Amino acid sequence: MQDLNHLLTAAFVISLLTSGIRLAIPIFLAALGEIITERGGVLNLGLEGIMLVGALAGFMVAYDAEQLFAPSWLWLTPWLGLLAGAIAGMGMGLIMAVLAVSLQTDQVIASITLVIVGQGATTYLFRQQFGSLTARIHPLPAVPIPLLAKLPVLGEVFFQHDLMTYFSIVLLVAAWYFLYQTVGGLNIRAVGEHPAAADTSGINVTAVRYGAILIGAAFAGLGGAVLTVAQLGIFSEGITAGQGWIAIALVIFARWRPGLAFGGALLFGLATALQFRIQALNLQFIPYELLLMLPYLLTLLVLLRGTRRAEAPAALGRPYSKE
Amino acid sequence: MIPTNASTPPVVELRNIVKHFHGGVLANDQITIQLQRGEILGLLGENGAGKTTLMNILYGLLQPDAGEIFVRGQRSHFRSTHDAIAHGLGMVHQHFMLVPTFTVAENLVLGQPSPRKPFLENRKTVARRISQLSEQYGLQVDPNAEVWQLSVGQEQRVEILKTLYRGAEILILDEPTAVLTPQEVDELITILRKLAQDGRSLIFISHKLHEVMQICDRVAVLRDGRLVHTTPVQATNPAELSRMMVGRDVVLRVNKGPAKPGAVRLRLQNLQVRDDRQLLALRDVSLAVHAGEIVGIAGVEGNGQRELEEAIVGLRPVEQGQVQLNQQDVTNRPPRVLFNAGLGHVPSDRYKTALLREFSIAENLVLSRIDQPPFTQHGLLNQPAIDQNARTLIQQFDIRAPAIDTAVAKLSGGNAQKVVLARELSHQPQVLLVAQPTRGVDVGAIEYVHQALVRQRDQGMAILLISTELEEILNLSDRIIVLYEGQVMGECLASEADVQTLGLMMAGSKLATIANQQGGATK
């Protein structure tokens, strides 16, 4: 029981919160993208695969850039990696869009295919490129925000992260603004609620759904790249470890609202951070496998009481055809 | 190409429009129609006559296989609704094309270019423009209300506003009165007249003769995809129009003698039922149906009809109150028990509740008794008996089908309904619950269904008829009960009913209140 007392020290809580926020970011980005896609009426369950592809593409681009660039340009390499992650994500999204929108295949099956493709392709490419080499890149450095970072507790928890973490908050606001205040957002929501109404209003349902899928996939790809490029600096097979699936659950928990998705991701991040720390204590009476389950179990519990079907976009998962 | 009469070209001209659908159905066959500025043109025809297809072509939703469209004398080609809207067309759809979770204003700006692109237009500017249009044409509606909160009549106003907001000069209205109360229909007519006076041109799609006669300047009649006739309404009459619609005379009034009511067969006592959202859908509903009479439940759709239907046949739990069949309490008993107690059911949604689409006619005809002899013997299906039953009923009920093993999905609405009716009547129920019996059924079959119901009544069956078609209620019923928001507004004999009073009741006034007011007015 001596060990448990460690849990409650200030330093412990601070580091728990800090790392909880960091761990929340990849999953949050994927969920945010999925909200936009689902608001457009397309159920893309392929986030896990898209995140993996984004994670590897980002890693490979950042790795090569590090080899090629002059030292004065090295600051740019992680950002190129993140961009590559988003673009690779969009590539996966394009596959999904062609399958689900143009060919009108079943969205569940089409998107699960993406997961399998993503897992297989990243495993193959990574082994082919790096073999058994443990390749490393430099992750994004932490950028303390002047003055705010000096605040006791709060400064350390909120204002000493890498730029991508701050940028994620900007993306949250941007996504909200996009969905509710722009023509594009209105079109996406209309197409997800009542595609026939959008069609008769002169909106190209196909084009809008392509857009919603591509934006969503870019976010998921970016989320994967954040994991490898911005945070860990390594890639390994299956590195996303189910985060893509959790992101889908989060969308339901968040009732398709960006703000709530951020809250949900934080919860998951904290649970993961806590799990790492309890594991590190090497407690005899809890097998570590149980601890590994903790964040997923928590998500499941939250979902159990948080779901109400009525709030889902009315046309979610249904292909649209005119006749 | 320039039209020959260059003086005032018609606003819209459809020339020799042809449209085939998969399976070789010819939906539009060489149709030529002109629409003049400021006129209301009625487009009349039965279900499946090709009205909606023709208008979808004009609105850019479908592409014609052949033929040309001229708008204001200019040959136009609409690849999408976007093109049609740009040419000043607007369509008010039968099933409203509004996003329920959006506000009225959001629905109006949807698909419209915004002056602040990519951002949405300023909400206040939009609201002001909506108010202006509302006042000009008497289309009152709150721009900030979410559409799901609106009544059906209000939703329709939003639909009309939507077309006007887009600057539509040519309005297509697809069966706009189907969902309205008589009072709302009157309001709609006033609005349409104002629009026409204002120089807009309207196409009014309908299969209701008296409305076309009342509203339109000219009428074009379609039958089986062909244009039968175009005439000013002054030069025609309802009987002639209906003859053109179906190609023969139809008795719209059902010939029936006075009812001879017997014992009470079905009684509802203080029924309270909830809908799918757990809101009260029926409050304190009591009524009785006697042997040998037809009781009609009138009301605008969505006022508890579906819940009433489901509660009676055992598909929806009854929270309070009682359902009695032949003096026997059957509240909350399973449908099978009710069936055995003598209840027949012709449901409002025949494909959801009554028929298995992919099953054959013969199979559908024995669905409710498939486990009983002679259809099942020693646990095995007796195919000869099933086939024989089908042949008998197909002949008896005049079901038009290629063969007894044709899938029900391939039948027209009217013939599918006859299958349901044949099955339900074949086990001679004492009480028959009939809901929306002629929805999606062509005129010829409507006549058949109506006469079949009257015949059963005369043989002593107790029939409860739920219908949103007021004309049907008036024609068939012996007594009429009006339902509004799940409550009984009042009851009257069909012979003494007047449309005005029924309309007020359908809009939420109790019969007693109306009677008082009228009494007061005469004093």
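Which residue takes a positive phi just after α11(A)? Asn282(A) does, with a phi of about 55 degrees. Keep that spot in mind as you go through these points, and remember that this is a predicted model.

1. **The helix before that residue.** Helix α11 of chain A covers residues 258–280, which makes 23 residues. You can check its length yourself: at 1.5 Å a residue it should span 33 Å, and its end C-alpha atoms are indeed 33 Å apart, so the expected and modelled lengths agree.

2. **Who is buried in α11(A)?** Try colouring this helix by burial. The buried residues include Phe262(A) and Phe268(A), along with Pro258(A) where the helix begins. Ala261(A), Ala265(A), Ala271(A) and Ala273(A) are buried too. So are Gly264(A), Gly269(A), Thr272(A) and Gln275(A).

3. **Where the chains meet.** How many residues of chain A are in contact with chain B? There are 17, and they touch 19 residues of chain B. On the chain A side, helices α7 (183–193) and α8 (195–200) each supply at least two of the touching residues. By type, that side divides into 7 nonpolar, 7 polar and 3 charged residues.

4. **Chain B as a whole.** Now turn to chain B, which holds 18 helices and 22 strands. Its radius of gyration is 25 Å, close to the 24 Å that the globule rule gives for 523 residues, so chain B is as compact as a globular protein of that length. Along its principal axes, the C-alpha trace spans about 75 × 60 × 50 Å.

5. **Inside chain B.** Of its 523 residues, 45% count as buried. Look as well at the contacts in chain B between residues at least 6 apart in sequence: 67% of them join residues at least 24 apart.

6. **A sheet to find in chain B.** One open sheet has 4 strands in the order β12-β11-β14-β15, with antiparallel pairing. Its edge strands are β12 (280–290) and β15 (328–329) of chain B, each of which pairs on one side only.

7. **A closer look at one pair.** Strand β11 (residues 264–274) of chain B runs antiparallel to β12(B), and the two are joined over 7 bridges. Which residue of β12(B) is the bridge partner of Leu266(B)? The partner is Val289(B).

8. **The helix across the sheet.** Finally, find helix α9 (residues 305–312) of chain B. This helix lies across β11, β12 and β14 (320–325) of chain B, and it runs at about 60 degrees to β12(B).

Conventions:
Residues numbered from 1 in each chain as written. Chains lettered and ligands numbered in written order. Predicted model: local features only at pLDDT ≥ 70, side-chain atom pairs only at ≥ 80, totals over all residues. Pairing = 2+ DSSP bridges. Contact = placed C-beta atoms within 7 Å. Axes fitted to C-alpha atoms, helices over the stretch in contact; angles between N-to-C directions. Rg over C-alpha atoms; globule rule 2.2 N^0.38 Å. Buried ≥ 20, exposed ≤ 12 C-beta atoms within 10 Å, placed from the backbone. Expected span 1.5 Å × (residues − 1). Nonpolar A, V, L, I, M, F, W, Y, C, P; charged D, E, K, R; others polar.
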